[in-house]
Amino acid sequence: MMRTLLVRGLLAGLVAGVLATGFAYFFGEPSVDAAIAIEEAGTSAHGHEHSEPADAGHSHGDEEAVVSRGTQSTIGLLTGVGAYALAVGGLFAIAFAVLHGRVGALRPRLTSALLAASGFVVVVLVPFLKYPANPPAVGQSGTIGDRTNLYFAFVALSLAVALISVGVGNALAGRLGAWRGGLLAMGGYVVVMAVTAGLMPVIDEVPDGFPGSTLWTFRTASLATQLVLWTALGLTFGALAERVLRPGAAPAPAEAAAARAGQ
């Protein structure tokens, strides 16, 4: 059964990746192009202010991008989002197999939907509120390592606190009921993550004069792309899992034949 669910998780991840890629291409890439244009304009202006003699070495104009912008926004986008979606789909299936039937007696579709909603909040939304995505021309090249480490550390912490909250919620459910236990567990998660977010370093490297509309559009599109991915993943996987786990599913041919023989 684990193998069956894993295959369906990968398939759901593939579907979610394609849908998220399409959304990112139409709604996210325009803001990326705008940010790149701002970055190139700033580089050009800086270069004019500090121009070198003609014979002082190589020219920046001779440098060419290894991968063209057209490739990055199409094949590169599909490859990156697709690989991420497949990985998330596989992990999603494993998490579903562990939780289904252990956290309430819910149908597979509902378990998948709740797991997808929780995954989006814990893995995407909460870390995004602390360390939102930035377009090109925002952020200093020398701090990219620190920014990346802080972001993934916050994601890992969010996952750990969420898992602990689930365990605490189950323990409290036996004493206080599922509703009160769940509310207390969610409240504990919110409090812990709010305190942690306040204690972790703040990163604000948006340069002066960068258009706020471009930054807002990029961040909104980034978050919405993740929302499309997790929504599609939860709905698709739930539909696929329902076919193999739903109560009252049709018996296998061999089992049906044995039942008829017994009659």
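**Close-up 1. Glu 242 sits in helix α6.** Helices here are DSSP runs of H or I with at least four residues, strands are E runs of at least two, and both are numbered from the N terminus. This is a predicted model, where local features need pLDDT of at least 70, side-chain atom pairs count only at pLDDT 80 or more, and totals for chains, interfaces and linings use all residues. Residues are numbered from 1 along each chain as its sequence is written, and side-chain values use heavy atoms, with hydrogens and water left out. Glu 242 is buried at a relative accessible area of 4%; buried means under 20%, exposed over 50%, and partly exposed in between (1.4 Å probe, protein chains only). Its side chain makes a polar contact with the side chain of Arg 107, at 2.3 Å. A polar contact is a pair of N or O atoms within 3.5 Å; within protein, one must be able to donate a hydrogen and the other to accept it, and residues adjacent in sequence count only if both atoms are side-chain atoms. Setting aside neighbours within four places in sequence, Glu 242 is in contact (heavy atoms within 4.5 Å) with Arg 107, Pro 108 and Arg 109.

**Close-up 2. Thr 214 is another α6 residue, and it meets a stretch from far back in the chain.** Thr 214 is buried, with a relative accessible area of 12%. Ser 31 is 183 residues away along the chain, yet the two C-alpha atoms are separated by 6.0 Å. Leaving out neighbours within four places in sequence, Thr 214 is in contact with Ser 31, Ala 34, Ala 35 and Ile 38.

**Close-up 3. The largest nonpolar core has 24 residues.** A nonpolar core is a set of buried Ala, Val, Leu, Ile, Met, Phe, Trp, Tyr and Cys residues joined through side-chain atoms within 4.5 Å. The residues with the most contacts inside this core are Phe 92, Phe 96, Leu 229, Trp 230, Leu 233 and Phe 237. Two or more residues each come from α1 (2–49), α2 (69–99), α3 (108–130) and α6 (212–245). The biggest share, 7 residues, is from α2. Zoom in on Phe 237 and, not counting residues up to four places away in sequence, you find it touching Leu 5, Arg 8, Gly 9, Ala 12, Phe 92, Ala 93, Phe 96 and Ser 112. There's also a second, separate core of 11 residues, and Val 122, Phe 154, Met 193 and Met 200 are among them.

**Close-up 4. Helix α5 (residues 178–199) has a buried side and an exposed one.** Gly 181, Ala 185, Tyr 189, Met 193, Thr 196 and Ala 197 are the buried ones in α5. They cover an arc of only 130 degrees around the axis (taken from the directions from the helix axis to the C-beta atoms), so they sit on the same side of α5. Flip to the other side and you get Trp 179, Arg 180, Val 190, Val 191 and Gly 198, which are exposed. The cover over the buried residues of α5 includes α3 and α4 (144–176). As for length, the 22 residues of α5 should span 32 Å at 1.5 Å a residue, and the end C-alpha atoms are 32 Å apart, which agrees. The expected span is 1.5 Å times one less than the number of residues.

**Close-up 5. Helix α4 packs its buried residues against α3 and α5.** Those buried residues are Arg 147, Leu 150, Phe 154, Val 155, Ser 158, Val 161, Ala 162, Ser 165 and Gly 169. With 33 residues, α4 should span 48 Å; its end C-alpha atoms are 46 Å apart, which agrees. After α4 comes Gly 177, with a positive phi near 100 degrees.

**Close-up 6. Leu 163 and Ala 171 are two α4 residues to look at alongside α5.** Leu 163 is exposed, at a relative accessible area of 63%. From Leu 163 to Tyr 189 is 26 residues in sequence and 9.5 Å in space, C-alpha to C-alpha. Ala 171 counts as partly exposed, with 49% relative accessibility. Ala 171 and Gly 182 are 11 residues apart in sequence and 9.8 Å apart in space, again C-alpha to C-alpha.

**Zoomed out. The protein chain comes to 7 helices and 0 strands.** Of its 263 residues, 29% are buried. Among contacts with a separation of 6 or more, 87% join residues 24 or more positions apart.
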